[in-house]
Amino acid sequence: MQLEQARHRAEALRQLINKLNYQYYVLDAPSVSDNEYDKLMRELVAIETEFSVLITSDSPTQRVGVTPVSELKEVKHLVPMLSLGNAFNEDEMRAFNKRIKEKLSVSSLVFSGETKFDGLAVNILYENGLLITAATRGDGSTGEDVTHNVRTIPQVPLCLVGENIPQLLEVRGEVVMTHKGFAALNNRQREKDEKIFANPRNAAAGSLRQLDPKVTAERPLSFFAYGIGDYKGNTNLTSHTNILRQLKEWGLPVSTETKSLDGIDACLDYHAEIGARRSELAHDIDGVVFKVNEISQQRELGFVSRAPRWAIAYKFPPLEEITQLLDIEVQVGRTGALTPVARLSPVNVAGVTVTNATLHNIDEIKRKDIKIGDWVYVRRAGDVIPEVVAVIKERRADAGENDIREFIMPTVCPVCESDVVRQEGEAVYRCIGGLSCSAQNIQAIIHFASRKAMNIDGLGDKLIIQLTESGLITTVADLYSLSQEKLAELERMGTKSAENLIAALDKSKDTTLERFIYAMGIREVGEATARTLAMKYKSLDLIEQATTEELETISDIGPVVALNIVSFFKQKHNLEIIQRLLVAGIHWDNKDDEIDLVFSGMSFVLTGSLQVMTRDEAKQKLISMGAKVTGSVSKKTNYVVFGENAGSKYEKAIELGITTLNEESFIKMIEKEK
Ligand code: 5U1
């Protein structure tokens with residue numbers, strides 16, 4: 001190829017690849033396969049390798065610079081990066097609203113609301129559309145030069161696209177890491193025996209301040225733009241919503257969690273709505289930022305110290321707190337796994353008093369260097385079990401060496417005193433007692449009665465413990481021989497409750513094959529595998545007779561699970577229990593399985609709050625009809641079912657032209673298909 005011909009082709013490839021990057025990373029709507037993309041990229045690399053004079057700084061091949069820097073230099077921001085005032089309750093928000101309304105002499109205001117990412121603020125400078133520098137916030141006037149690293153973040157355009165590219169633009173935004181990316185990074189770090197990060201924010205900060213961009217490029221960082229600093233251009237940016245739209249049009253990623261809000265009450269509602277969805281979001285957020293939308297009003301309001309009067313962050317309670325680890329106890333689970341649990345000095349985390357936190361397993365304790373007596377960070381997010389994320393080693397010295405003790409895994413089960421073993425390659429220690437260990441037996445019965453298994457209404461953990469301790473039941477099969485009279489004699493159990501429990505047990509007998517298999521509690525056979533087995537075999541007898549070779553041919557079932565299934569049905573004790581349950585009247589209707597699979601191969605997303613069903617019920621229904629229910633909307637989604645306060649997922653469905661169903665239409669559709 002001649003140089004001129006190569007120049008044209010390289011230019012065309014660069015433009016095309018930049019467009020594909022934008023579709024993939026910013027719009028989340030790729031238009032070509034990974035294979036096609038790789039082919040284009042390889043062609044560009046080949047041209048640039050042959051003609052090095054054609055390499056440009058905005059070429060997509062140049063995201064990872066070759067040479068690490070020796071130190072992070074200083075960069076002065078053209079316009080200082082401001083900080084934000086905070087509000088912690090409704091009164092403070094109302095006071096903010098009153099203050100600025102009075103200053104502007106207006107009766108009401110329009111705000112722009114957006115999630116406040118818990119990441120690292122950066123300032124990216126573009127000159128005539130080309131990325132020139134990227135710097136951390138630093139002291140607000142001068143930050144650290146992280147250009148080499150920001151260039152590796154796929155969503156950050158190396159060159160702006162679209163109309164009216166400004167001569168100069170400082171883009172303000174946040175570098176963050178998703179929960180998923182964070183978990184994957186820590187897993188990789190663990191495998192390599194390298195530093196484990198305490199939370200996504202620390203991981204993002206550590207990744208951004210690397211000297212070698214190759215390291216940063218391997219870290220799952222994202223970026224969201226939320227404003228501008230210095231700006232010289234032709235477009236008249238008159239409102240904050242205007243700015244966000246324009247940034248998006250220039251190819252910058254802007255959060256979908258933004259909303260125009262008329263008045264303070266709308267702001268408070270939005271804050272509550274985001275708060276309710278906080279744990280479902282892909283990233284950590286620590287509040288919602290509200291900005292007066294009109295730039296003319298922002299100018300009039302001005303600043304106080306280094307914070308704008310026209311914006312405020314309404315914070316959420318922190319998800320992490322510090323407390324002391326008083327002791328480590330061991331809990332025995334359904335499969336005999338011994339889980340170390342931290343007993344903590346009570347601490348309020350995001351509105352809930354936390355006294356216990358999981359420590360996962362012994363390797364995790366060693367990796368985090370957790371010792372009894374340590375001061376630790378505890379994190380609680382959504383419905384997830386609280387977790388000890390890190391130790392404050394500096395406070396160990398204050399405690400005095402004598403008060404700090406190492407945790408040692410017991411060699412016998414703390415419940416049944418059977419031996420504790422650790423199989424090769426497994427992280428967990430297990431009690432070998434099986435169902436003769438009362439802890440394992442109780443957990444097995446709790447699992448059997450649970451909602452997704454036999455769904456025995458009113459048979460909770462405490463009652464199961466009471467039933468086993470009083471000798472009324474030993475195995476799950478005994479449940480169906482319980483008499484109302486005997487039950488009524490139990491402490492705290494009246495005649496009515498006993499009658500209700502017998503009725504619930506009776507009702508549970510009418511079940512499905514997949515629920516029954518799941519209820520058996522076979523190791524590593526969760527709801528999905530139980531469903532697969534029920535769908536494939538449609539008969540318990542056939543599952544019992546299946547060989548490991550046969551089971552392994554089923555997708556989702558590997559050698560370990562296949563062996564667990566075969567071993568389970570080989571044990572006489574298990575077969576006896578199954579027989580007793582069937583004799584007691586447990587039954588299912590095979591025909592249901594066939595009729596119900598009408599949504600096979602279809603993908604659904606549920607969003608917002610449903611009124612008639614819970615989201616979980618809707619999900620179970622769809623799964624039982626063969627559908628896949630996923631958490632995010634993509635071109636592959638067939639239907640988005642939306643309830644009240646549906647947000648970005650609903651908007652994305654509209655954007656991608658995916659069929660949306662309100663709850664009423666959804667229920668009609670299910671009824672029709674049945
Ligand atoms: N989403 C968002 N985060 N955040 C942080 N917007 C936003 N704006 C900020 C800051 C510090 O400052 C401007 C209001 C100046």
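This report describes a ligand site and two open sheets in a predicted model.

**Ligand site**

The ligand is surrounded by Leu-82, Leu-84, Glu-114, Thr-115, Tyr-226, Val-289, Lys-291, Trp-310 and Ala-311. By residue class, this shell consists of six nonpolar, one polar and two charged residues. Polar contacts to nitrogen atoms of the ligand are listed in the table.

| Residue | Protein atom | Ligand atom | Distance |
|---|---|---|---|
| Glu-114 | N or O atom of the side chain | nitrogen | 2.9 Å |
| Thr-115 | polar backbone atom | nitrogen | 3.1 Å |
| Lys-291 | polar side-chain atom | nitrogen | 2.9 Å |

The protein buries 86% of the 380 Å² that the ligand exposes when taken alone. Two or more residues of the shell come from strand E3 (110-117), and the same holds for strand E10 (285-292).

**The mixed sheet**

Strands E3 and E10 also belong to an open sheet of five strands, arranged in the order E2-E13-E10-E3-E9 with mixed pairing. Its edges are strand E2 (86-87) and strand E9 (258-262); each has a single partner strand, so one side of each lacks a neighbour in the sheet. E10 runs antiparallel to strand E13 (residues 311-315), and five bridges join the two. Within this arrangement, Gly-287 is placed opposite Lys-315 in E13. Helix H3 (residues 90-104) packs on the sheet and touches E2, E3, E10 and E13. The direction of H3 makes about 170° with that of E13.

**The parallel sheet**

A further open sheet has four strands in the order E24-E23-E25-E26, and its pairing is parallel. Strand E24 (628-630) and strand E26 (659-662) are the edge strands, each pairing on one side only. With direction ignored, neighbouring strands of this sheet are turned by 30° against each other on average.

Strand E25 (residues 639-642) pairs with E26 in the parallel sense, over four bridges. One bridge links Tyr-639 with its partner Thr-659 in E26.

Two helices lie across strands of this sheet. Helix H24 (residues 615-624) lies across strand E23 (603-607) and E24, and runs at about 170° to E23. Helix H26 (residues 663-673) lies across E23, E25 and E26, with an angle of about 95° to E26. E23 is thus crossed by H24 and by H26.

Technical notes. Residues numbered from 1 in each chain as written. Predicted model: local features only at pLDDT ≥ 70, side-chain atom pairs only at ≥ 80, totals over all residues. Heavy atoms only, no water. Near = heavy atom within 4 Å. Polar contact = N/O pair within 3.5 Å; in protein donor to acceptor, adjacent residues only side chain to side chain. Areas by Shrake-Rupley, 256 points an atom, 1.4 Å probe, with all protein chains shown as cover. Nonpolar A, V, L, I, M, F, W, Y, C, P; charged D, E, K, R; others polar. Pairing = 2+ DSSP bridges. Contact = heavy atoms within 4.5 Å. Axes fitted to C-alpha atoms, helices over the stretch in contact; angles between N-to-C directions.
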